[in-house]
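Colleague: Before I trust the labels on this model, I want the reasoning behind them. Can we go through it together?

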Amino acid sequence: MDAENTEDKKIRIAAVADIHITDTDKNKWAEYFKEVSRKADVLLICGDLTNTGDESEAKILCDELKSCTIPVVAVLGNHDHEKGRQKLIRQTVQSENVHILDGEAVVIGGVGFAGVKGFGGGFDNYMLSMFGEDAMKAFVQEAVNEALHLDRALARIDQQHEHLKKVAIMHYAPMLDTVKGEPEPIYPFLGSSRLAEPLIRRQVAAVFHGHAHMGTLEGTLAGGVKVFNVAKPVLLKAGYEMPFYVVEI
Ligand SMILES: [Fe+2]
Ligand SMILES: [Fe+2]
């Protein structure tokens, strides 16, 4: 498929986050993945694939994903890091059909998908700055690094495929509006405005994230960049019985 043919063609992107697969989820997701495959051309899973970061949960997800007949693009979340087995989780879940991104990009259906986990640090004027104890500086540095990895992944898409639409996928939120609904004291742990800068500068068509389970479904960054918090509890609260959100771009 050459780039000219794909420019005008729209694709249906289904997205969810925070599926938190547990050891008791065996055979519970097949119908979900079949339904997504009927309704969309690609599925995004925006982190917290597993509940406790255990490879046994990743194995269950891998088995359930056999019912998914469309390509899957995913990033890991903080829960997937809980036991330090994130590499194993990535290896277990990824396949020819399932792309787990960590600062990389993949092109599917004429759209470039860039993925990172992201990190916290707070938003706008209340974003943490590089100051004080080493631990605090390390916290800020992690968000800076994730923003740089996101920028690099988006740049790769631009370099390799000029004029391709870009979609970003992350676990943490890049803006305040889509975490609203959560208790204010935990905002700094839900995302960081540092993630927003590359999204705006590189004119991403849409951004999908999760992590803020009690947040808000939609927000808009400067330049009209649409942001969707597709955390499963957010979608369920919004009335989606099958919790996935479809955007056509
Ligand atoms: Fe979560
Ligand atoms: Fe999370």
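Modeller: What follows sets values against cut-offs, starting with the metals; keep in mind that this is a predicted model.

Colleague: What makes Asp18, His20, Asp48 and His213 donors of the iron ion (ligand 1)?

Modeller: Distance. Their donor atoms lie 2.0 to 2.2 Å from the iron ion (ligand 1). The cut-off is within 2.8 Å. So they count as donors.

Colleague: Why is the site of the iron ion (ligand 1) called irregular?

Modeller: Its 4 donor atoms give angles of 87 to 169 degrees. Tetrahedral needs all angles between 85 and 135 degrees. The 169 degrees falls outside that range, so tetrahedral is ruled out. The site is classed as irregular.

Colleague: Which residues hold the iron ion (ligand 2)?

Modeller: Asp48 (OD), Asn78 (OD1), His171 (NE2) and His211 (ND1), at 2.2 to 2.3 Å. Their spacing in sequence is D-x29-N-x92-H-x39-H.

Colleague: What makes the arrangement around the iron ion (ligand 2) irregular?

Modeller: The angles run from 89 to 160 degrees. The tetrahedral limit is 135 degrees, so the label tetrahedral fails. Irregular is the result. One caution: water is not among the atoms, so sites may look incomplete.

Colleague: How do you know that aspartate 48 bridges the two iron ions?

Modeller: Asp48 (OD) is on the donor list of the iron ion (ligand 1). Asp48 (OD) is also on the list of the iron ion (ligand 2). The two ions lie 3.3 Å apart.

Colleague: Is aspartate 48 buried or exposed?

Modeller: Buried. Its relative accessible area is 1%, and buried means under 20%.

Colleague: Why is histidine 213 called partly exposed?

Modeller: Histidine 213 has a relative accessible area of 28%. That is between 20% and 50%, so partly exposed is the label. Aspartate 48 and histidine 213 sit 165 residues apart.

Colleague: Where do histidine 171 and histidine 211 lie?

Modeller: Histidine 171 is in the loop between strand 7 (165-169) and helix 6 (196-201). Histidine 211 is in the loop between strand 8 (206-209) and strand 9 (218-220). The pair therefore ties together parts that are 40 residues apart in sequence. Both histidines are buried.

Colleague: Now the rings. Why is the pair of tryptophan 29 and tyrosine 32 called edge-to-face?

Modeller: The centres are 5.0 Å apart, and rings pair within 6.5 Å. The planes make 80 degrees, and over 60 counts as edge-to-face. So both tests are met. Tryptophan 29 is buried at 7%, and tyrosine 32 at 5%.

Colleague: What makes phenylalanine 228 and tyrosine 245 a tilted pair?

Modeller: Their planes are 40 degrees apart. Stacked needs under 30 and edge-to-face over 60, so tilted remains. The centre distance is 5.3 Å. Phenylalanine 228 is in strand 10 and tyrosine 245 in strand 11, 17 residues apart.

Colleague: How many residues are in the largest nonpolar core?

Modeller: 53. Leu43, Leu44, Phe113 and Phe208 have the most contacts inside it. Strand 2 gives the largest share, 5 residues. Leucine 44 touches Val73, Phe113 and Phe208, among others.

Colleague: How do you know that strand 7 and strand 8 pair?

Modeller: 3 bridges join them, and at least two are needed, so they pair. The two strands run parallel. Valine 167 stands opposite alanine 206 in strand 8.

Methods. Residues numbered from 1 in each chain as written. Chains lettered and ligands numbered in written order. Predicted model: local features only at pLDDT ≥ 70, side-chain atom pairs only at ≥ 80, totals over all residues. Heavy atoms only, no water. Phe/Tyr/Trp six-rings, centres within 6.5 Å; stacked < 30°, edge-to-face > 60°. Buried < 20%, exposed > 50% of the residue type's maximum accessible area, 1.4 Å probe, protein only. Helix = DSSP H or I, 4+ residues; strand = E, 2+ residues; numbered from the N terminus. Donors = N, O, S within 2.8 Å, 3.2 Å for Na, K, Ca; no water. Tetrahedral: all angles 85-135°; square planar, octahedral: opposite > 155°, others 65-115°. Core = buried A, V, L, I, M, F, W, Y, C linked by side-chain atoms within 4.5 Å. Contact = heavy atoms within 4.5 Å. Lists of a residue's contacts leave out its neighbours within four places in sequence.
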